[in-house]
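Please look through the sequence and the model before starting, and try each exercise on your own before reading its solution.

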Amino acid sequence: MIKQYHFNFCKMTVYEDYILTVINEGITVSVEHNDVLLAISEKHFSGKNFVYITHRINSYSVNPNVYLKTSQIKNLQGFAVISDNPLQDHQVQLEKKFFNKPFEKFNTLGEALVWKNTLLHEIMPFKK
């Protein structure tokens, strides 16, 4: 772990090549929340590729327009959702339509990290 942040809408932990987020119960993730992700990614991943992982422990909703903006982060290479809730399968399929980069759901953090490692090793190094 490099740094951990506690915001009013989530807990965000930054690692060497990924961000792990747990969104708080009852939040509706909006484009404004995405600005926080952008600031954190610029601070910790300038000139370096990374993956965003969200662990869906709590119940919350996401404005799909968030993904349109998130997709614009050049060095963000993929988005992973961790949840063992089968209801999330449909939700993730819907959300994927708004994100133009790899976007997958996993049951465990371990599975998501294997995918992250594969994804980051398959791509070219980040170029500004």
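The exercises below treat a predicted model, and they go from its sheet to its helices and its salt bridges.

**Exercise 1.** Work out in what order the strands of the open sheet lie, and find which strands form its edges.

*Solution.* Begin with the order: the open sheet has six strands, arranged as β1-β2-β3-β5-β7-β8, and the pairing within the sheet is mixed. Next, look for strands that pair on one side only, which leads to β1 (residues 3-6) and β8 as the edge strands. Finally, consider how neighbouring strands of this sheet are set against each other: on average they are turned by 20°, with direction ignored.

**Exercise 2.** Follow the pairing from strand β3 through β5 and β7 to β8, giving the sense of each pairing and the number of bridges.

*Solution.* Start at strand β3 (residues 18-23), which pairs with β5 in the parallel sense over four bridges; within this pairing, L20 stands opposite I53 of β5. Moving on, strand β5 (residues 50-55) runs parallel to β7 and is joined to that strand by six bridges, and here V51 has G78 of β7 opposite to it. The last step goes from β7 to strand β8 (residues 103-106), again a parallel pairing, with four bridges, in which F79 has F103 of β8 as its bridge partner.

**Exercise 3.** Decide whether strand β7 is mostly covered or mostly open, and describe the unit that it makes with helix α3 and β8.

*Solution.* Take the residues of strand β7 (residues 76-82) and apply the cut-off for buried, which is under 20% relative accessible area: seven of its seven residues are buried, and the strand is mostly covered. Then follow the chain onward, where β7, helix α3 (residues 87-96) and β8 make a right-handed β-α-β unit.

**Exercise 4.** Find which strands are touched by helices α3 and α4 where they pack on the sheet that contains β3 and β5.

*Solution.* Recall first that β3 and β5 pair over four bridges. On the sheet to which they belong, α3 packs so that it touches β7 and β8, and its direction makes about 170° with that of β8. Helix α4 (residues 109-122) also packs on the sheet, touching β3, β5, β7 and β8, and the direction of α4 makes about 165° with that of β7.

**Exercise 5.** Establish how many salt bridges a search of the whole structure finds, and examine the one between K69 and D35.

*Solution.* The search finds five salt bridges. In one of them the side chains of K69 and D35 meet, at 2.5 Å from N to O. K69 lies in helix α2 (residues 65-70) and D35 in helix α1 (residues 31-44), so this pair ties together parts that are 34 residues apart in sequence. As for accessibility, K69 is partly exposed at 28%, and D35 is partly exposed as well, at 36%.

**Exercise 6.** Examine two further salt bridges, D89 with K105 and E104 with K96, and state how accessible D89, E104 and K96 are.

*Solution.* Begin with D89 and K105, whose closest N and O atoms are 3.1 Å apart. This pair links distant parts of the chain, since D89 is in helix α3 and K105 in strand β8, 16 residues apart. D89 has 39% relative accessibility and counts as partly exposed. Then turn to E104 and K96, whose side chains meet in a salt bridge of 3.7 Å, N to O. E104 is partly exposed at 30% relative accessibility, and K96 is partly exposed at 25%.

How values were computed. Residues numbered from 1 in each chain as written. Predicted model: local features only at pLDDT ≥ 70, side-chain atom pairs only at ≥ 80, totals over all residues. Heavy atoms only, no water. Buried < 20%, exposed > 50% of the residue type's maximum accessible area, 1.4 Å probe, protein only. Helix = DSSP H or I, 4+ residues; strand = E, 2+ residues; numbered from the N terminus. Pairing = 2+ DSSP bridges. Right-handed = clockwise from strand over helix to strand, strands pointing away. Salt bridge = Lys/Arg side-chain N within 4 Å of Asp/Glu carboxyl O. Axes fitted to C-alpha atoms, helices over the stretch in contact; angles between N-to-C directions. Contact = heavy atoms within 4.5 Å.
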